[in-house]
Amino acid sequence: MAEVRDHGQSGKYRHERLGLNGRLNSIAAAALLARLDGLDAALSQRRRIGATYDALLEGARSAGLLDFATVVADTKSARSQYAVLIEDRDRVAADLQRAGIHTAVHYPAPLHLQPAYAHLARSGPLSGAVAMAEKVLCLPIYPRLADTDVRRVAATLCDRLRRA
């Protein structure tokens, strides 16, 4: 039953069956309700930080050192993550970690390689999904992240990419 409540995971990022995100108890729900008043401000901060990353990383993107998604005109993103695609992601993540910058790989395996979805996989390797899973790296993004830290993350990342 615990697997079903945790997205069907038997271990971190290993989905054996279909599941739900049903881990919220009553106390947690009450705490979350109390925080709703600050949601708009938090989303606004995340959007501002994401736009700052976009501007600071555009040069590296233009140079072909990384890629990132852009927010479609006339839409808004919650910016729950700021993901970049990088060759040699693990080396870059280790370099950033040594510089005191925490990064994350949230989805290391595409859905068609998860046991819960294997029966839905199309024939063929879905090489694009596999390639993206091997390159995606999430940079720090949270409402209280200081502008100086955003600039340091972007500068350190660009420096590591140019050295490669």
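Which residues does R89 touch, not counting residues up to four places away in sequence? In this predicted model, R89 touches V105, A133, E134, K135, V136 and L137. The arginine belongs to helix α4, which covers residues 89-98. R89 is buried, because its relative accessible area of 9% falls under the 20% cut-off. Two backbone oxygens meet its side chain. That of A133 lies 2.7 Å from a polar atom of the R89 side chain. The backbone oxygen of V136 is reached by the side chain of R89 at 3.1 Å. A133 and V136 are both among the residues that R89 touches.

The setting for these contacts is a protein chain of 164 residues, 27% of them buried. The chain has six helices and five strands. From the N terminus on, the order of elements is α-β-β-α-α-β-β-α-α-β-α. Taken along the principal axes, the C-alpha atoms fill a box of roughly 45 × 45 × 35 Å. The chain exposes about 10,600 Å², and carbon and sulfur atoms supply 56% of that area. Contacts across the sequence were also examined. Among those between residues at least 6 apart in sequence, 66% join residues at least 24 apart.

Helix α3 spans residues 39-62. Its end C-alpha atoms are 34 Å apart. This agrees with expectation, because 24 residues at 1.5 Å a residue should span 34 Å. The helix nevertheless bends by about 40° at L56. Its buried residues are L43, R46, I49, G50, T52, Y53, D54, L57 and A60. These residues pack against three strands, β3 (67-68), β4 (82-85) and β5 (136-139), and against helix α6 (147-163). Just after α3, G64 takes a positive phi of about 80°.

L57 shows this packing at the level of one residue. Not counting residues up to four places away in sequence, L57 touches L66, F68, Y82, V84, L139, A154, L157 and C158. L57 is also a hub of the largest nonpolar core, which has 23 residues. Y53, L57, L139 and L157 have the most contacts inside this core. At least two core residues come from each of α3, β4, α4, β5 and α6. Helix α6 gives the largest share, six residues. Two of the four residues with the most contacts inside the core, L139 and L157, are thus also among the residues that L57 touches.

The loop between β3 and β4 holds two further residues with a positive phi. Most residues other than glycine have a negative phi. D74 departs from this pattern, with a phi near 65°. R79 does too, with a phi near 50°. D74 lies in the loop between β3 and β4, and R79 has its place in the loop between β3 and β4 as well.

Is each of these loop residues buried or exposed? D74 is exposed, because its relative accessible area of 85% is over the 50% cut-off. R79 is buried, because its relative accessible area of 9% is under the 20% cut-off. The loop between β3 and β4 therefore includes an exposed residue, D74, and a buried one, R79.

Methods
Residues numbered from 1 in each chain as written. Predicted model: local features only at pLDDT ≥ 70, side-chain atom pairs only at ≥ 80, totals over all residues. Heavy atoms only, no water. Helix = DSSP H or I, 4+ residues; strand = E, 2+ residues; numbered from the N terminus. Expected span 1.5 Å × (residues − 1). Bend = angle between axes of the 7 residues up to and from the residue. Buried < 20%, exposed > 50% of the residue type's maximum accessible area, 1.4 Å probe, protein only. Contact = heavy atoms within 4.5 Å. Polar contact = N/O pair within 3.5 Å; in protein donor to acceptor, adjacent residues only side chain to side chain. Core = buried A, V, L, I, M, F, W, Y, C linked by side-chain atoms within 4.5 Å. Areas by Shrake-Rupley, 256 points an atom, 1.4 Å probe, with all protein chains shown as cover.
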